[in-house]
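This report looks at the empty spaces in one protein model and at the packing of one pair of helices.

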Amino acid sequence: MSRICVSLSGGAAIAGRSFVEIRLDRGSSWPVIPAGCDAIATCRASWEGGTFAGSEEERRALVERAASSGAWAVDVEARAAWRPARPGGVKLILSHHDFEGVPADARGLAQRMLSEKADIAKIAATPRSAGELRALIDLQRDLGARAVVVPMGELGAAARILGARSGAPWTYAAPADGESTAAGQWGEAELRSLYRFERISPSTRAFCVAGDPVAHSKSPWLFNTAFAKAGLDAVYVPALTRDGELFSTLEALGVEGASVTIPHKVDAARGAAADATARRTGAANTLTRRDGGWEATNTDAAGFLESLEAGLGRAAKGLRVVVLGAGGAARAILAALAGPNVLFLAGRNAVKTGELAREFDATPVPWTVGKGIALDVLVNTTSVGMEPGVDETPFAAAGLPAGCAVYDCVYNPRETRLLREAAAKGCRAISGVGMFVGQAARQWKTWFGKEGGSAIKEAIEEFLGEGKGNNETKNEKVKTKNKK
Ligand code: NAP
């Protein structure tokens with residue numbers, strides 16, 4: 001099983017931890033190592049992205065002192081002109097860091113480190129595409145416990161967790177949110193408690209939410225909480241996925257199922273074997289890998305309809321509905337309501353909006369919604385108002401007719417500015433949280449072939465109750481401002 005190595009800078013406390021990296025170049029002096037704690041001594045050179053300002057002789061002396069004062073391992077750049085003296089038993093990690101990309105010869109580099117008698121070869125590199133991400137993940141899988149491959153940056157963050165499935169002996173973590181020593185590094189608490197990192201093995205089933213952006217998603221909290229409750233050996237990660245790279249990213253990560261979010265839902269339906277719901281919607285939020293191929297469905301439409309009807313307290317029939325936005329969520333909403341309701345569509349791109357309106361027999365209208373429309377429901381399907389842009393609203397509440405209901409697909413935050421202002425105007429305000437939990441419960445059924453039972457129910461209740469999920473699942477992914 002993989003371990004969590006907490007990277008400590010500036011004298012952060014070692015007490016209570018069993019595996020740490022002491023960053024001697026980042027304001028930490030070598031501490032007394034408590035019994036039972038494995039400590040890696042790292043004094044990263046400035047020419048390799050570290051902050052050590054002294055001479056190479058001083059650097060070497062610091063590392064060698066640590067080696068003879070209880071270090072479990074020392075980490076030295078493969079490019080350094082020296083190798084530290086170390087007492088028997090102290091391991092040697094040779095490392096290479098690339099903050100701009102992935103070295104074309106990453107595999108050769110790792111092999112040279114191992115042939116130089118490194119106990120562990122460490123390759124930290126920054127993937128810029130699904131192809132580069134795949135190269136790093138494959139390298140980890142091929143070298144197993146002999147290498148620590150660290151995919152840096154936002155594109156690499158998911159693989160820092162999933163590397164445990166490929167035999168990575170450890171992943172680096174920050175002691176707390178915001179204290180990372182490398183781009184894309186996770187916080188220790190989140191890795192341990194939400195992702196249950198130390199339980200991940202090659203047989204752990206892997207899922208993800210694929211999007212750009214993706215950090216707003218509460219799906220990792222919901223699914224990982226439900227997996228833990230169900231005792232399932234499975235993990236669910238947020239995977240930043242660039243345009244045109246949806247399937248190559250999923251293949252690189254080796255996941256068997258994915259929730260798909262902004263802006264990939266149409267690509268998801270087009271690039272997979274789509275079921276009737278995904279075909280009708282023209283967008284998919286759920287992908288499942290079966291028999292070597294991808295199957296697509298859409299659980300947003302049913303999740304939306306269920307929560308709209310619950311919010312209105314009546315069936316969605318004979319309603320006059322204005323939908324704002326013409327992306328993936330709009331497709332699901334139009335598909336859910338088309339037929340028994342009168343639909344209007346407002347989008348910022350006239351051509352796209354016109355085409356979508358035709359597809360679902362809706363009438364394109366200006367954003368401000370013309371006076372002539374006696375509106376029952378306004379549905380926001382744009383991402384305007386979503387974290388971090390919580391002060392924005394897609395629609396001026398002053399333009400809302402009295403008595404209409406407002407549904408906001410944005411669920412993070414739960415109470416958006418649009419909903420707040422609509423409620424203040426006396427409109428019924430319905431949060432997209434209901435849609436979120438409804439679509440997630442259906443995704444579970446798609447992936448596992450049966451209802452999530454009490455596990456998903458309890459996770460959803462926790463999510464809904466006291467705002468717990470909302471407050472704690474900020475996707476505490478450590479800010480990527482620092483570089484090693
Ligand atoms: P998407 O496919 O990228 O579509 C977003 C749509 O919003 C596009 O039509 C886009 O216009 C429009 N838009 C974006 N910014 C705009 C702005 N400033 N002014 C006017 N229009 C703007 O994304 P999506 O997958 O539909 O998701 C949209 C939102 O719904 C996200 O916040 C997502 O989290 C939320 N959502 C929630 C649930 C739930 O379960 N509650 C489910 C699905 C989605 P263009 O077409 O011109 O790009």
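Searching the whole structure yields one cavity of 30 Å³ or more; on a 1 Å grid over the protein atoms alone, a cavity is a set of points where a 1.4 Å probe fits but cannot get out, whereas a pocket is an open set with protein on both sides within 12 Å along at least five of seven lines, and lining residues have an atom within 4 Å of a point. The model is predicted, with local features needing pLDDT of at least 70 and side-chain atom pairs counting only at pLDDT 80 or more, while totals for chains, interfaces and linings use all residues. Residues are numbered from 1 along each chain as its sequence is written, and side-chain values use heavy atoms, with hydrogens and water left out.

The largest cavity has a volume of about 70 Å³, a volume being the space filled by probe spheres set on the grid points, which are joined across faces, edges and corners. Its lining consists of 14 residues, and V149, V150, R160, W170 and T171 are the ones nearest the centre. Two or more lining residues come from each of β7 (147-151), α4 (157-162) and β8 (170-174), with β7 giving the largest share, four residues; helices (H or I, at least four residues) and strands (E, at least two) are DSSP runs numbered from the N terminus.

The largest pocket has a volume of about 1100 Å³. Among the 45 residues that line this pocket, I262, G327, G328, A329 and T381 are the closest to its centre. Elements giving two or more residues to the pocket lining are β12 (257-260), α8 (265-270), α11 (328-337), α12 (350-359) and α14 (433-448), and α12 gives the most, with five residues.

Helices α6 (residues 219-230) and α15 (residues 453-464) have axes that come within 8 Å and cross at roughly 135°, where axes are lines fitted to C-alpha atoms over the stretch in contact and angles run from 0 to 180 degrees between N-to-C directions. The two helices, α6 and α15, are therefore oblique to each other (under 35 degrees counts as roughly parallel, over 145 as roughly antiparallel, 65 to 115 as roughly perpendicular and the rest as oblique). Their contact (heavy atoms within 4.5 Å) involves W221, L222, T225, A226, K229 and A230 of α6, together with A455, I456, E458, A459, I460, E462 and F463 of α15.

The table divides the residues by class, with Ala, Val, Leu, Ile, Met, Phe, Trp, Tyr, Cys and Pro as nonpolar, Asp, Glu, Lys and Arg as charged, and the others, Gly among them, as polar.

| Residue set | Nonpolar | Polar | Charged |
|---|---|---|---|
| Contact of α6 with α15 | nine residues | one residue | three residues |
| Lining of the largest cavity | 10 residues | three residues | one residue |
| Lining of the largest pocket | 16 residues | 20 residues | nine residues |
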